[in-house]
Amino acid sequence: MRIALVTDAWHPQINGVVRTLSTVVDELTQLGHDVVTITPDRFRSLPCPGEPEIRLALATPGQVGRRLADARPEAIHIATEGPLGQAARRYCRSRGLAFTSSYHTHFPQYLEMRMGVPRRLTFAVMRRFHAAAARVLVTTDTLADELAAHGITHTVLWPRGVDARAFAPRTDAVAIDGPRPVMVYVGRVAVEKNIGAFLDLDVPGTKVVVGDGPQLAELKQRYPDVVFAGWQSGDDLARWYAAGDVFVFASRTDTYGLVLLEALASGLPVAAYPVPGPADVLGHAPHVACLNDDLATAVRGALELSPADARAFALDYSWTACATRFVEQVEVLDPAVWDGAHASLAARLSAPVTRFIGR
């Protein structure tokens, strides 16, 4: 199948959404599918205020539509709600083209935390965006229930995977200069990740933060005894995971937490709050994770769990299964819809970027 993937989240951005989408593209290719990606690097773009590594594409629906029509995909998936997602949505609605979408990030919560925007306003935008999709792919039942409460009801499950070959216990783990146990966090260093709750814990051992983000400089200044490894990837990232004794996940807003599976595959039991995300993935697995409203209690409990059990749990997840599930959920188009698709649309859909919100 030829599949068009439209996403505002793409390299060189560093986050779980980019890692998920790029890995799924690789898996789909290995399974024999042809994936056409429409991403910010293909257009003029501007840096996102406050997070310059995130580029906002300056693309019109007509420009995105021409790329879709040239590719003639058998299915269209709009992965994000940003400028490219809005442009692709508008084009598809104008042509009566079915598409699927996905909900990766709790923008309503994040915008409220960072800018004070009421959640109900952002959820209204999300509801309008996803209403036109044939299906909305979500990671967990809890997320599906939460979106249903805000009027997004046509959801289907799309769980994540982990590369258990890349993330595994290893003998060449990073040598940590500090007392055991070693408590590791991996992910973006941003206010919504609630990292301060982890770093404020009064527990013995060494705390390690692996990642980059807008809060990094502030946290480095506030917590001089913490090991800040910065951004890591590939084999280097796997060595940092393997250096730990427990993985601490303090976020209360993540929709899944891909790093949970990477940590478990590396042999790290997980300590987290019993909130959506960790509770969905690990709430049924007390032998590999300790979830508690007192994060210090969760850490102490997780340190008593078996690294071998953590590894065994992660082996039940695979990216191949994730990619296969994705293909099962996309909406297949009639090839005839592309005949002359963009001949009359180039002018009609060349509205400026400021009119992207759409109908």
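Q: Two strands pair if DSSP finds at least two bridges between them; what makes strand β5 and strand β6 a pair?
A: Strand β5 (residues 75-78) and strand β6 (residues 100-102) are joined over 2 bridges in the parallel sense, which meets the requirement of at least two. Ile78 stands opposite Ser101 in β6. The model is predicted, so local features need pLDDT of at least 70 and side-chain atom pairs pLDDT 80 or more, while totals for chains, interfaces and linings use all residues. Residues are numbered from 1 along each chain as its sequence is written, and side-chain values use heavy atoms, with hydrogens and water left out.

Q: Why are β2 and β8 said to stand at the edges of their sheet?
A: The open sheet of 6 strands has the order β2-β1-β5-β6-β7-β8, with parallel pairing. β2 (34-38) and β8 (155-157) each have a single partner strand, so one side of each is left without a neighbour in the sheet. Neighbouring strands here are turned by 30° against each other on average, direction ignored.

Q: Why are α2 and α3 called roughly perpendicular?
A: The axes of helix α2 (residues 61-71) and helix α3 (residues 83-95), helices being DSSP runs of H or I with at least four residues and strands runs of E with at least two, cross at roughly 70° and come within 8 Å. Roughly perpendicular covers 65 to 115 degrees, and α2 and α3 therefore fall into that class. Among the residues making the contact (heavy atoms within 4.5 Å) are Val64 and Leu68 of α2 and Leu84 and Tyr91 of α3. By class, this contact has 8 nonpolar, 1 polar and 1 charged residues.

Q: How do you know whether strand β9 is enclosed or open to the outside?
A: Buried means under 20% relative accessible area, exposed over 50% and partly exposed in between, with a 1.4 Å probe and protein chains only. In β9 (residues 182-186), 5 of the 5 residues are buried, so the strand is largely enclosed by the rest of the structure. Val182, Val184 and Val186 point one way, Met183 and Tyr185 the other way, and all are buried. On β9, 5 bridges lead to the parallel strand β10 (residues 206-210), where Val208 is the bridge partner of Val184. Another 2 bridges lead to the parallel strand β12 (residues 246-249), where Val246 is the bridge partner of Met183.

Q: What exposure class does Ala279 receive, and why?
A: Ala279 has a relative accessible area of 32%, and is therefore partly exposed, since this value lies between the limits for buried and exposed. Ala279 is found in helix α11 (residues 278-282). Leaving aside neighbours within four places in sequence, Ala279 is in contact with Pro274 and Leu291.

Methods: Axes are lines fitted to C-alpha atoms, for helices over the stretch in contact, and angles run from 0 to 180 degrees between N-to-C directions. Angles under 35 degrees count as roughly parallel, over 145 as roughly antiparallel, 65 to 115 as roughly perpendicular and the rest as oblique. Ala, Val, Leu, Ile, Met, Phe, Trp, Tyr, Cys and Pro count as nonpolar, Asp, Glu, Lys and Arg as charged, and the others, Gly among them, as polar.
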